[in-house]
Amino acid sequence: MYDKDNVFYKILQGEIPSKKIYEDDNVLAFYDINPMYKVHALVISKKLCVDFDDFVLNATPTETSNFFQAVSKVAELLNIKQSGYRVLSNIGKNANQIVKHFHVHILGGEQLRD
Ligand code: AMP
């Protein structure tokens, strides 16, 4: 089901460059190439999962916890914890998920639209 022919897999392999914010054993975080807000980062799992549901079903509790703790750490590194921010994940067709590798967006740095 997971298809390695996607841009985030290539970023993980170092085949495509990214503007890295943070990396550990579980995640890689980098800036979105087409930012929607002043701060727009992506946190992608190193576990090869298609989307949030695939990750939740197949990641161990430790992997799941590590992933979301890393998301929080990236928000801290981006200095948006005080002002507030949004974490979101697009899943499937109706959400217009483009890249079929599990990731979350971190949005902030200004007032977000509803
Ligand atoms: P989605 O799959 O709908 O959650 O959106 C994928 C996101 O990845 C979009 O916001 C794109 O701007 C972003 N994106 C696509 N290619 C790259 C890349 N090479 N580097 C950074 N961000 C990217």
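When I speak of α1 and the other elements today, helices and strands are DSSP runs, helices having at least four residues and strands at least two, and they are numbered from the N terminus. With that in place, please keep in mind that what we are looking at is a predicted model, and that I will start with the ligand.

By that numbering, α1 supplies the largest share of the shell around the ligand, namely 3 residues. Helix α1, which spans 7-12, is joined by strand β2 at 27-31 and strand β5 at 103-108, and each of these three elements gives at least two residues to the shell. Around the ligand there are 16 residues, and those that come nearest are D32, I98, V99, H103 and H105. Sorted by class, the shell consists of 9 nonpolar, 6 polar and 1 charged residues. As for the site itself, the ligand sits in the largest pocket.

Let me turn to the polar contacts, taking the backbone ones before the side chain. A backbone N or O atom of V99 lies 2.9 Å from an oxygen atom of the ligand, and for N96 a backbone N or O atom is found 3.0 Å from a ligand oxygen. From a side chain, an N or O atom of H105 is 2.7 Å from an oxygen atom of the ligand. On its own the ligand has 510 Å² of accessible area, and the protein covers 85% of that.

N96 deserves a second look, since there is something to say about its backbone as well. The residue lies in the loop between β4 and β5, and its phi is positive, about 60 degrees, although N96 is not a glycine. As background, most residues other than glycine have a negative phi. Is N96 buried or exposed? N96 counts as exposed, because its relative accessibility is 58% and the cut-off for that class is over 50%.

Another asparagine has a comparable entry in my notes: N79, which is not a glycine either, has a positive phi of about 60 degrees. N79 is located in the loop that connects α3, at 61-77, with β4, at 85-88, and at 67% relative accessibility N79 is likewise classed as exposed.

From there I would like to move to N6, which belongs to the segment before α1. N6 is buried, because its relative accessible area is 8% and buried means under 20%. What does the side chain of N6 reach at 2.9 Å? It reaches the backbone oxygen of D3. A polar atom of the N6 side chain also lies 3.0 Å from the backbone nitrogen of F8, so that, within the 3.5 Å cut-off, this side chain has polar contacts with the backbone of both D3 and F8.

The last residue I want to follow is H103, which we met among the residues nearest the ligand and which is found in strand β5. H103 is buried, with a relative accessible area of 6%, and a polar atom of its side chain lies 2.7 Å from the backbone oxygen of H101.

Two further positions can be placed relative to H103 by their C-alpha atoms. S89 is 14 residues from H103 along the chain, and the two C-alpha atoms are separated by 6.4 Å. C49 is 54 residues from H103 in sequence, while the C-alpha to C-alpha distance between them is 9.1 Å. C49 itself is found in the loop between β3, at 39-45, and α2, at 52-58, and at 2% relative accessibility C49 counts as buried.

To close where we began, the ligand sits in the largest pocket, and α1 gives the largest share of its shell.

Notes
Residues numbered from 1 in each chain as written. Predicted model: local features only at pLDDT ≥ 70, side-chain atom pairs only at ≥ 80, totals over all residues. Heavy atoms only, no water. Near = heavy atom within 4 Å. Polar contact = N/O pair within 3.5 Å; in protein donor to acceptor, adjacent residues only side chain to side chain. Areas by Shrake-Rupley, 256 points an atom, 1.4 Å probe, with all protein chains shown as cover. 1 Å grid on protein atoms, 1.4 Å probe; cavity = no way out; pocket = protein on both sides within 12 Å on 5 of 7 lines; lining within 4 Å. Sits in = over half its atoms within 2 Å of the grid points. Nonpolar A, V, L, I, M, F, W, Y, C, P; charged D, E, K, R; others polar. Buried < 20%, exposed > 50% of the residue type's maximum accessible area, 1.4 Å probe, protein only.
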